Amino acid sequence: GAAKYKDPKQPLNTRINDLLRRMTLAEKIGQMSQIERENATADVMRNYFIGSVLSGGGSVPSPNAAPAEWVRMVNEIQRGALSSRLGIPMLYGIDAVHGHNNVYRATIFPHNIGLGCTRDPELVQKIGAAVALEVRATGIPYVFAPCIAVCRDPRWGRCYESFSEDPKLVQQMTSIISGFQGEIPANGRLGAPSVSGQRNVAACAKHYVGDGGTTNGINENNTVATFHELLSIHMPPYYNAVIRGVSTVMVSFSSLNGVKMHANRPFVTDFLKTKLRFRGFVISDYEGIDRLTTPQHADYVLSVKLGILAGIDMVMIPYRYTEFIDDLTLLVQNGTIPMSRIDDAVRRILRVKFTMGLFEHPYADPSLTGELGKQEHRDLAREAVRKSLVLLKNGKPGEKPLLPLPKKAYGGSILVAGSHADDLGSQCGGWTITWQGLTGNNLTAGTTMLDGIKRAVEPAIDVVYAKNPDAGFMQQNKVRFDYAIVVVGEPPYAETFGDNLNLTIPAPGPDVIWNVCGSIKCVVVLVSGRPLVVEPYIGIVDALVAAWLPGTEGQGVADVLFGDYGFTGKLSRTWFRSAEQLPMNAGDAHYDPLFPFGFGLETQPW
Ligand SMILES: OC[C@@H]1[C@@H](O)[C@H](O)[C@@H](O)c2nc(CNc3ccccc3)cn21
């Protein structure tokens, strides 16, 4: 009859063993290779037995491609993979780190720093489930998310990808894994990968381990920590991820006490695989093994040897896949890498593919294309925006609170000022449509905060928008406006481009605050991937709101500013006074924040 591995009624391990014993070394090494989609022709897939394909940030079939075009592309690559001798389906992975963020018209949710402020793990689980549907709408079954970093220094360019500085809060937010993958089955085996069905996706807990603890927050740098500090700060979210059946774990570019994680066998193999009993597969980061040497790729045979022997099972080799395959083949044939290591890697990869039903459902489900950007998901994102906002000041001493704002301004007009009030790209931040993100309003479908404000106020109210009002404008209009909403913040950035040692509000934000708030009543809304230096302005503003990176559903900000909902958000990380204090986290001996971890004023809805 049919080969046992093709029979879904066979026990999982029977299928794995039956397939593994049939595989040549080339087919095994092919399964361990993940290449960039632009190289993934049907011929390459078939001839190199490629097991996985990725979209790097911004890698799309065409600009503003519709779901149907994504489906066609993914299916075409899959056809190539299935035409190989054993017909092992390929696994397509993409970064869906705050919605399906590479895809035009996808719902973009608040980045993780804002989700941490909601203190709502159930909401975050629903977000995972919604994102899974939007990812499946494009025929993709695997996401490089969630980032479960515990960011300990906001000078790190990726701090917004971290739910919190507090490991317990990050542990709670691993609920997103159960949203992505579905809940583990009652009889599930601890550490076994678990994807419930074809409306779920395989997830990836990243970046293992200590990515959020590097010195001065320098991206991809060195985390100095005792074993106790590591286990009490950076490791806890991985316990929860493994218990929740996370299918994959991505290794961090960073080092731990001087040892590169991509070459760290004691942690990748002995701790994660043996001690924590993780039974999914470990994937490298993008050219992560190349970066084991300085300069990167200086000794690729050594890189391959160290990475694979450390316990990496699948290697993200976007372009140099033939070199990887040749070098690994050589290392196995000359006995440097035992076949048992290769077999462990392939078993783990096959376990994920069999468990998630990829052999039975290798192609996209075209009935799901309508899930992308669905209004129901946008409403969920709008709720998340509302709950992510943190109210840091409301009313000057001895004065009544400014928020919630009245929807009818007595003088008939309000001022909205600042670059970030009408900039969809900036309110989404990095990892949106492109790797680094974009400014402006043409990148995708969404609602700016200005749009939201205009919809929230009474029709008769005149909303005047001035991106960068100078002192003259304010002088001429001193009595015209009842109050102003000033929206300023950071430009979009990702990874190392976001590393920043001073954390001040970029120009012309401070000038806008001085000009507007020095003249009329104002609420400042800060759009940023982390706390910034605000102490100099605290006295002059009437109210201050941290909005983080809210995503496409900007009207969630107006919902709370105008009292349809109350402020409930609580800081997911310490708000420092100046960068000279950093790193400074709750629990530290010297703790002198402007606003402490957990702080957040509340308002009642009208
Ligand atoms: O996009 C794949 C991975 C991502 O999952 C990791 O979290 C992140 O560390 C990561 N960095 C790169 C390298 N940068 C890059 C991004 C987009 C296109 C090309 C290179 C790729 N990736």
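Here are a few worked exercises on this structure, which is a predicted model.

**Exercise 1. The ligand's surroundings**

Work out how many residues surround the ligand, and which of them are the closest.

*Solution.* Start with the head count: the shell holds 15 residues. Then pick out the closest ones, which are Asp95, Arg158, His207, Asp285 and Glu495. Finally, sort the shell by character: seven residues are nonpolar, three are polar and five are charged.

**Exercise 2. Polar contacts and burial**

Find which ligand atoms pair up with side chains of lysine 206, aspartate 285 and glutamate 495, then say how much of the ligand the protein buries.

*Solution.* Use a cut-off of 3.5 Å between N or O atoms for a polar contact. Take the ligand's oxygen atoms to begin with. A polar side-chain atom of aspartate 285 sits 2.6 Å from a ligand oxygen. For lysine 206, an N or O atom of the side chain is 2.8 Å from an oxygen atom of the ligand. Next comes nitrogen: glutamate 495 puts a polar side-chain atom 2.7 Å from a nitrogen atom of the ligand. Now for burial: on its own the ligand would expose 460 Å², and the protein covers 90% of that.

**Exercise 3. Two helix pairs**

Describe how H1 packs against H14, and how H12 packs against H13.

*Solution.* Two numbers do the job here, since a packed pair is described by the angle between the helix axes and the distance between them.

- First pair: H1 covers residues 12–22 and H14 covers residues 339–355; their axes come within 10 Å and cross at roughly 130°. An angle outside the parallel, antiparallel and perpendicular ranges counts as oblique, so H1 and H14 are oblique to each other. As for handedness, H1 passes H14 in a right-handed crossing.
- Second pair: H12 spans residues 300–310 and H13 spans residues 321–333, with axes that come within 9 Å and cross at roughly 70°. That makes H12 roughly perpendicular to H13. The crossing of H12 past H13 is right-handed.

**Exercise 4. Backbone oddities in loops**

Locate the cis peptide bonds at valine 209 and proline 295, and place the positive phi of asparagine 257.

*Solution.* Go along the chain. The bond from tyrosine 208 to valine 209 is cis, with omega near -10°; valine 209 is in the loop between strands S5 (204–208) and S6 (222–223). Asparagine 257 isn't a glycine, yet its phi is positive at about 50°. You'll find asparagine 257 in the loop that separates strand S8 (255–256) from strand S9 (259–260). Last, threonine 294 to proline 295 is a cis bond too, with omega near -5°, and proline 295 belongs to the loop between strand S10 (281–283) and H12.

Technical notes. Residues are numbered from 1 along each chain as its sequence is written. This is a predicted model: local features need pLDDT of at least 70, side-chain atom pairs count only at pLDDT 80 or more; totals for chains, interfaces and linings use all residues. Side-chain values use heavy atoms; hydrogens and water are left out. A residue is near a molecule or strand if one of its heavy atoms lies within 4 Å of it. A polar contact is a pair of N or O atoms within 3.5 Å; within protein, one must be able to donate a hydrogen and the other to accept it, and residues adjacent in sequence count only if both atoms are side-chain atoms. Accessible areas come from the Shrake-Rupley method with a 1.4 Å probe; for residues, only the protein chains shown count as cover. Ala, Val, Leu, Ile, Met, Phe, Trp, Tyr, Cys and Pro count as nonpolar, Asp, Glu, Lys and Arg as charged, and the others, Gly among them, as polar. Axes are lines fitted to C-alpha atoms, for helices over the stretch in contact, and angles run from 0 to 180 degrees between N-to-C directions. Helices (H or I, at least four residues) and strands (E, at least two) are DSSP runs, numbered from the N terminus. Angles under 35 degrees count as roughly parallel, over 145 as roughly antiparallel, 65 to 115 as roughly perpendicular and the rest as oblique. A crossing is left-handed if the near helix is turned anticlockwise from the far one by less than a right angle, and right-handed if clockwise.
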